[in-house]
Amino acid sequence: MQPIIQVQNLNKTYDSGFTALRSVNLDIKKGEIFALLGPNGAGKTTLISIICGISRGTSGTVLAGGFDIAKAYRKARSKIGLVPQELTTDAFETVWATVNFSRGLFGKAPDKAYIEKILKQLSLWDKRNSKMLELSGGMKRRVMIAKALSHEPEILFLDEPTAGVDVELRRDMWEMVRELRDNGVTIILTTHYIEEAEEMADRIGVIRKGEIILIEEKATLMSKLGKKSLHIHLQQPMDQIPSELEYFNLTLEQAGEYLQYVYDASESEQVAELLAKLNELGVGIKDLNSSESSLEDIFVELVQE
């Protein structure tokens, strides 16, 4: 199946000489939730802006729903809904008028039932006659999402959608995202809340200094790059690690009361070897505690490298 978004050899250099994107290649599958992660200034928003037709790349091609965003802008853009970081709405318009007008911009016929449906999904129905200036920041964010969904797009970009919003909205939003994905909508997400990407995403891409440095299935990424740690509370403190245990690259902690063993997620069988060796050496164990890397740990390590 052809990817719903295809980015090929995309570059973006500004007049100042600053290069924001370097040879970006990215395919996004229909019906997946794709999380794009990267530090501030990495190029996330620039990439989204080009895919959505808000700005142009210096070179390269972008297809959305099979249409070239530069050569067939209207057809490509009609496939896309965008929730930007900034809250930009007409302060004196009502919620209903704002969302309904956005649908009309894409040439869609009026559909009161559909607008009602998305307003209810986003807990905006009671506010439909309120002016935008009367809403809280969280409610305005909900309206931005409703606007992005108003023309029934196949692709939805969420650029830091939960920045500064309350926990209730965040929970409602992810519930809605799952429902959209189940209905075949492709979701592309950027977020600073990495635990959200860990919970929601099917695949994860990491961008750094304008380059995509990794694209991977989330489960595979966690398996390949995740580290596990075993903390062993000893019955008797150690002064130094016995030479028979050097193979395991252990470290002593807390005045020799604890041994720490850090290993790759794919090497869990070595834990049994270590415990057997400790037993063979007569090393008594009070307690064991294991932990594993989160997506945030992996992300920080990738970006620092």
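**Figure 1. Helix H3 passes helix H5 in a right-handed crossing in this predicted model.** The axes of the two helices lie 8 Å apart, and the packing angle is about 30°. At that angle H3 is roughly parallel to H5, because angles under 35 degrees fall in that class. On the H3 side the contact is made by Val-95, Thr-98, Val-99 and Ser-102, which meet Val-143, Ala-146 and Lys-147 of H5. Sorted by class, the residues of this contact are 4 nonpolar, 2 polar and 1 charged.

**Figure 2. Helix H3 also meets helix H4.** H3 covers residues 95-105 and H4 covers residues 112-121; their axes come within 11 Å and cross at roughly 120°. H3 is therefore oblique to H4. The handedness of the H3 and H4 crossing is right-handed. From H3, the contact draws on Val-95, Trp-96, Val-99, Asn-100 and Arg-103. Their counterparts in H4 are Lys-112, Tyr-114, Ile-115, Glu-116, Ile-118 and Leu-119. The class count for the contact of H3 with H4 is 7 nonpolar, 1 polar and 3 charged residues. Val-95 and Val-99 are listed in the contact with H4 and also in the contact with H5.

**Figure 3. Ser-123 lies in the loop between H4 and H5.** Helix H5, at the far end of this loop, spans 137-149. Ser-123 is not a glycine, yet its phi is positive, at about 55°. Most residues other than glycine have a negative phi. The relative accessibility of Ser-123 is 39%, so Ser-123 counts as partly exposed.

**Figure 4. An open sheet of 4 strands has antiparallel pairing.** The strand order is S2-S1-S4-S5. Strand S2 (19-28) and strand S5 (67-68) are the edge strands; each has a single partner, so one side of each has no neighbour in the sheet. S5 is joined to strand S4, residues 59-64, by 2 bridges in the antiparallel sense. Across this pair, Ala-64 stands opposite Phe-67 of S5.

**Figure 5. Asn-9 sits in strand S1 with a positive phi.** Strand S1 runs over residues 5-13. The phi of Asn-9 is about 50°, although this residue is not a glycine. With a relative accessible area of 46%, Asn-9 is partly exposed; the partly exposed class lies between 20% and 50%.

**Figure 6. Strands S9 and S10 form a hairpin.** The two strands run antiparallel and are joined by 6 bridges, with S10 covering residues 211-217. Arg-208 stands opposite Glu-211 in S10. There are 2 residues between the strands, and Lys-209 in the turn takes a positive phi of about 50°.

**Figure 7. Ile-207 in strand S9 is buried.** Strand S9 comprises residues 203-208. The relative accessibility of Ile-207 is 0%, so this residue counts as buried. With neighbours within four places in sequence set aside, Ile-207 contacts Leu-21, Leu-36, Leu-37, Gly-38, Pro-39, Ala-42, Gly-43, Lys-44 and Ile-212. Leu-21 is 186 residues away along the chain, and its C-alpha atom is 9.4 Å from that of Ile-207.

**Figure 8. Strands S12 and S13 form a hairpin with 4 residues between the strands.** S12 (residues 251-253) pairs with S13 (residues 258-264) in the antiparallel sense over 3 bridges. Leu-252 has Leu-259 of S13 as its bridge partner. In this hairpin Gln-254 has a positive phi near 50°.

**Figure 9. The whole protein chain gives the setting for the close-up views.** The chain has 10 helices and 14 strands. Of its 305 residues, 43% are buried. Considering contacts between residues at least 6 apart in sequence, 68% join residues at least 24 apart. The contact of Ile-207 with Leu-21 spans 186 residues along the chain.

Conventions: Residues numbered from 1 in each chain as written. Predicted model: local features only at pLDDT ≥ 70, side-chain atom pairs only at ≥ 80, totals over all residues. Heavy atoms only, no water. Pairing = 2+ DSSP bridges. Axes fitted to C-alpha atoms, helices over the stretch in contact; angles between N-to-C directions. Parallel < 35°, antiparallel > 145°, perpendicular 65-115°, else oblique. Left-handed = near helix turned anticlockwise from the far one by under 90°. Contact = heavy atoms within 4.5 Å. Nonpolar A, V, L, I, M, F, W, Y, C, P; charged D, E, K, R; others polar. Buried < 20%, exposed > 50% of the residue type's maximum accessible area, 1.4 Å probe, protein only.
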